Amino acid sequence: IKMNKSRSNVFIMLNLIVSFFISACSSPREQVKIENGTFNINGKDVQLICGEMHYPRIPHEYWRDRLHRARAMGLNTVSAYVFWNFHERQPGVFDFSGQADIAEFVRIAQEEGLYVILRPGPYVCAEWDFGGYPSWLLKEKDLTYRSKDPRFMSYCERYIKELGKQLAPLTINNGGNIIMVQVENEYGSYATDKPYVSAIRDTVRAAGFTEVLLFQCDWSSNFLNNGLDDLIWTVNFGTGADIDKQFAKLREVRPETPLMCSEFWSGWFDHWGRKHETRPGEVMVEGLKEMLDKGISFSLYMTHGGTTFGWWGGANNPAYSAMCSSYDYDAPISEAGWTTDKYFALRDMLKNYLQEGEKLPDVPQALPVM
């Protein structure tokens, strides 16, 4: 009888364990969606307080430090371009290790309490060499970039497919923190070609980004040129802009959509031979506060600019004007990773917009220098 009772207890325990795992596996997956005109993450309405950082412009050893400072400033999300030419320097040869380990960057962001908005291009601009396109594309005779040229699209598909292998497992529905993925980048400033933008959208989805929000960004003057009905539309503008005017047309054509400034320019990039660009911090804070009070999400471009190392700097043309290696951008976190007056002014404002029970981490001391 004791033996039978003991076996019975074992079977009960096994059933409880099996039931637990079945329950865990069948529980609803985390997700991000649009609900009542706002972003909803795991059943809660969330205003995205986001900032842009670029992993190649920050030494790998300092990724966590910079992400921690961004969280301590009051951000809940970080946005990052993905630089195609940083990962496929030779045709078909991909590198996602070390400084190029974007999956590690995303995981560190999650550990620091930040969602991620992914911007894989394939064209990114970003004052980066060839806008992120690999230089070997220039060897292709009569190739039409940023178009449905079959050869060009085949290269784009190969790149985005490889990126999907690295990052699709890190989307929020898979337990990660990637909540949104961008399709192309300010294409309305370049051309009008909805079939091409649609092809990039389909490529992004085919790479595994099927259960996160897809969006496209442009300026308020041209966002309708290539706007796809099944994507979220966001607009880009800088400090001092009339915010109501920037969103007026979007409110008119999509009254139920969540509003977001996907690039709110906190400063500007520097050109060789010109003075360092700066923009007033108080104007930046006023604009961000206005958006917060109006329920508008934003991404501060840049929150930390860093350095364009090596030969990765781009140029504007025409007229030709090369970018400086410094990508300080007059951002709240300086090129060297130091917190600035802008940083603390922004932190003082953002701490008033925390969710219930949320507390900002302490701001770490500046790293020592030699």
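This note comments on a buried aspartate, the nonpolar core and two aromatic pairs in a predicted model.

1. The first point concerns the position of Asp270. This residue is found in the loop that runs between strand β10 (260–265) and helix α8 (281–293). Asp270 is buried, yet it has no salt bridge. The nearest side chain of opposite charge belongs to Arg274, and it is 8.9 Å away. Because a salt bridge requires the charged atoms to lie within 4 Å, the absence of one at Asp270 agrees with the distance of 8.9 Å to Arg274.

2. Which polar partners does the side chain of Asp270 have? One is the side chain of His276, joined to that of Asp270 by a polar contact of 2.7 Å. Another is the backbone nitrogen of Glu277, which lies 2.8 Å from a polar atom of the Asp270 side chain.

3. The surroundings of Asp270 can be described further. Leaving aside its neighbours within four places in sequence, Asp270 is in contact with Lys275, His276 and Glu277, and also with Ala322, Met323 and Cys324.

4. The next point concerns the interior. The largest nonpolar core has 106 residues, and Leu167 and Phe209 are those with the most contacts inside it. Helix α5 (residues 150–167) provides the largest share of this core, namely eight residues.

5. Phe209 merits a separate comment. When its neighbours within four places in sequence are left aside, Phe209 is in contact with Leu118, Gly164, Leu167, Ala168, Thr171, Val181, Val204 and Leu214. Leu167, also named above for its contacts inside the core, is thus listed among the partners of Phe209.

6. A search of the whole structure finds 33 aromatic pairs. How are the rings of Tyr81 and Tyr301 arranged? Their centres are 6.4 Å apart and their planes stand at 70 degrees, so this pair is edge-to-face. Tyr81 lies in strand β5 (residues 77–81) and Tyr301 in strand β11 (residues 297–301), so the pair ties together parts that are 220 residues apart in sequence. Both Tyr81 and Tyr301 are buried.

7. A further pair is formed by Phe130 and Tyr145. Their ring centres are 5.5 Å apart with the planes at 80 degrees, so this pair is also edge-to-face. Phe130 and Tyr145 both lie in the loop between β6 (115–119) and α5, so the pair ties together parts that are 15 residues apart in sequence.

8. Are Phe130 and Tyr145 buried or partly exposed? Phe130 is partly exposed, with a relative accessible area of 26%. Tyr145 also counts as partly exposed, at 23% relative accessibility.

Definitions and conventions: Residues numbered from 1 in each chain as written. Heavy atoms only, no water. Helix = DSSP H or I, 4+ residues; strand = E, 2+ residues; numbered from the N terminus. Buried < 20%, exposed > 50% of the residue type's maximum accessible area, 1.4 Å probe, protein only. Lys, Arg positive; Asp, Glu negative; His and termini not counted. Polar contact = N/O pair within 3.5 Å; in protein donor to acceptor, adjacent residues only side chain to side chain. Contact = heavy atoms within 4.5 Å. Core = buried A, V, L, I, M, F, W, Y, C linked by side-chain atoms within 4.5 Å. Phe/Tyr/Trp six-rings, centres within 6.5 Å; stacked < 30°, edge-to-face > 60°.
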